[in-house]
Structure formats: structure tokens, C-alpha cells
Amino acid sequence: MELTRILVSRLRAYLGNRRGEKRFSVRLPCRVTPSDRRVKTNGSAQRAWLDGHTADLSHSGLGLHLRAIRIGEHYLVGEKRRLKVIVELPTGPVEMEVSPVRYESLEEDETSHGYVIGVRIIAMSDQDRASYEDFMHQLLNGVLPD
């Protein structure tokens with residue numbers, strides 16, 4: 001299965017990205033947690049987060065670079081999984097619910113390690129959606145906030 005994933009990734013790099021939506025390579029800090037799980041720590045239920053950064057952004061999805069594919073015993077990818085993601089935009093954080101659609105191990109790359117998880121945006125608050133879309137519009141026009 002992992003060999004198939006590697007071959008598809010290399011084929012995509014050779015043939016070019018065939019996805020229809022414009023993607024922007026942007027590195028922004030992010031935090032990820034399973035949206036339906038809480039990990040018990042010292043007898044209390046707390047949400048466990050994994051820190052990482054974005055690899056790319058589009059209007060409908062993100063590429064997330066994370067150091068692990070699971071938090072505790074909970075895998076971040078799989079059928080019907082939902083994740084909460086907080087992305088630190090230059091104008092402030094936005095929170096979204098996402099669904100993983102693919103992942104790729106970076107273990108073979110000498111300069112990177114961990115995983116890239118491709119996710120589709122499922123839901124955001126109206127305010128967060130407006131902030132995200134404004135940021136995407138600025139990327140499209142080549143202008144970023146200070």
C-alpha cells in the first residue's frame with residue numbers, strides 16, 4: 001500500500017498536479033486534533049493537539065505537514081474521519097473541520113520527515129470562512145498582509 005502511495009506521488013510530480021483548483025504553497029503554523037476524540041490526561045478529558053504547518057492551501061482544502069499520523073492511539077486518516085484544524089493566518093487563527101482524503105509519508109526524503117495529509121474543508125464559521133477567503137484572495141493577487 002505504501003509503495004502504491006509513493007508511486008502515485010511521483011507520477012503526480014512527473015505529470016503535474018491534475019487537480020482543478022489553484023493551490024498555493026504556503027507555510028503557516030497549524031494545530032490538528034481528531035474532532036470526535038478526547039484523550040484522558042491525569043484523569044481529565046482534554047483535547048490532544050498535534051502541531052505542524054501547512055504545505056499548501058486552496059479554497060476547498062489544505063495540505064498539512066505533520067510529524068505523526070496519529071495522536072495517541074487515534075489515527076488522523078481513515079474513512080469517515082473528521083479533524084479540527086486551526087491555521088494561524090497572518091491576520092489571526094481560523095478554525096475548520098476537515099476530512100482527510102490522502103496522506104503521504106516523507107520518511108524517504110532526507111530534508112523532510114513526517115507526513116503530508118491532504119484534507120478537504122468540511123465546515124468553518126462564517127467569520128473564519130471570510131478571513132480564510134480574504135487570505136486566499138490576497139494569495140491570488142500576490143499580496144500578503146504584513
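**Entry 1: the chain as a whole**

I began with the order of elements, which from the N terminus on runs α-β-β-β-β-β-β-β-β-β-β-α. I was working throughout with a predicted model, and I noted that its chain holds two helices and 10 strands. I then looked up burial and found that, of the 146 residues of the chain, 38% count as buried. For the accessible surface I wrote down about 9200 Å², of which 48% belongs to carbon and sulfur atoms. I also checked how the contacts are spread along the sequence: among those with a separation of 6 or more, 56% join residues 24 or more positions apart.

**Entry 2: strand pairing around S4**

I turned next to strand S4 (50-57), and looked for its partners. With S1, strand S4 pairs in the antiparallel sense over four bridges, and within this pairing I located Val32, whose bridge partner in S4 is Leu50. With S5, strand S4 again pairs in the antiparallel sense, here over five bridges, and I found Thr54 standing opposite Leu64 of S5. S4 and S5 form a hairpin, and I recorded three residues between the two strands.

**Entry 3: the largest nonpolar core**

Which residues of the largest nonpolar core touch the most other members? I found that the core has 30 residues, and that Leu57, Leu62, Val85, Val87, Met96 and Tyr132 are the ones with the most such neighbours within it. I then asked where the core residues come from, and listed S1 (29-34), S4, S5 (61-66), S8, S9 (92-105), S10 (115-124) and helix H2 (126-140), each of which supplies at least two. S10 gives the most, with five residues.

I stayed with Tyr132 and looked up what it touches, leaving aside residues up to four places away in sequence. Its contacts include Leu57, Ser58, His59, Gly61 and Leu62, and I also noted Leu89, Val94, Met96, Ile121 and Met124. Of these, Leu57, Leu62 and Met96 also stand among the core residues that touch the most other members.

**Entry 4: Lys80**

Last, I checked a backbone angle, since Lys80 has a phi near 65°, a positive value in a residue other than glycine. I placed Lys80 in the loop between strand S7 (74-75) and strand S8 (83-89). Is Lys80 buried or exposed? Its relative accessible area is 73%, so Lys80 counts as exposed, the cut-off for that word being over 50%.

Methods
Residues are numbered from 1 along each chain as its sequence is written. This is a predicted model: local features need pLDDT of at least 70, side-chain atom pairs count only at pLDDT 80 or more; totals for chains, interfaces and linings use all residues. Side-chain values use heavy atoms; hydrogens and water are left out. Buried means under 20% relative accessible area, exposed over 50%, partly exposed in between (1.4 Å probe, protein chains only). A nonpolar core is a set of buried Ala, Val, Leu, Ile, Met, Phe, Trp, Tyr and Cys residues joined through side-chain atoms within 4.5 Å. Contact means heavy atoms within 4.5 Å. Accessible areas come from the Shrake-Rupley method with a 1.4 Å probe; for residues, only the protein chains shown count as cover. Two strands pair if DSSP finds at least two bridges between them.
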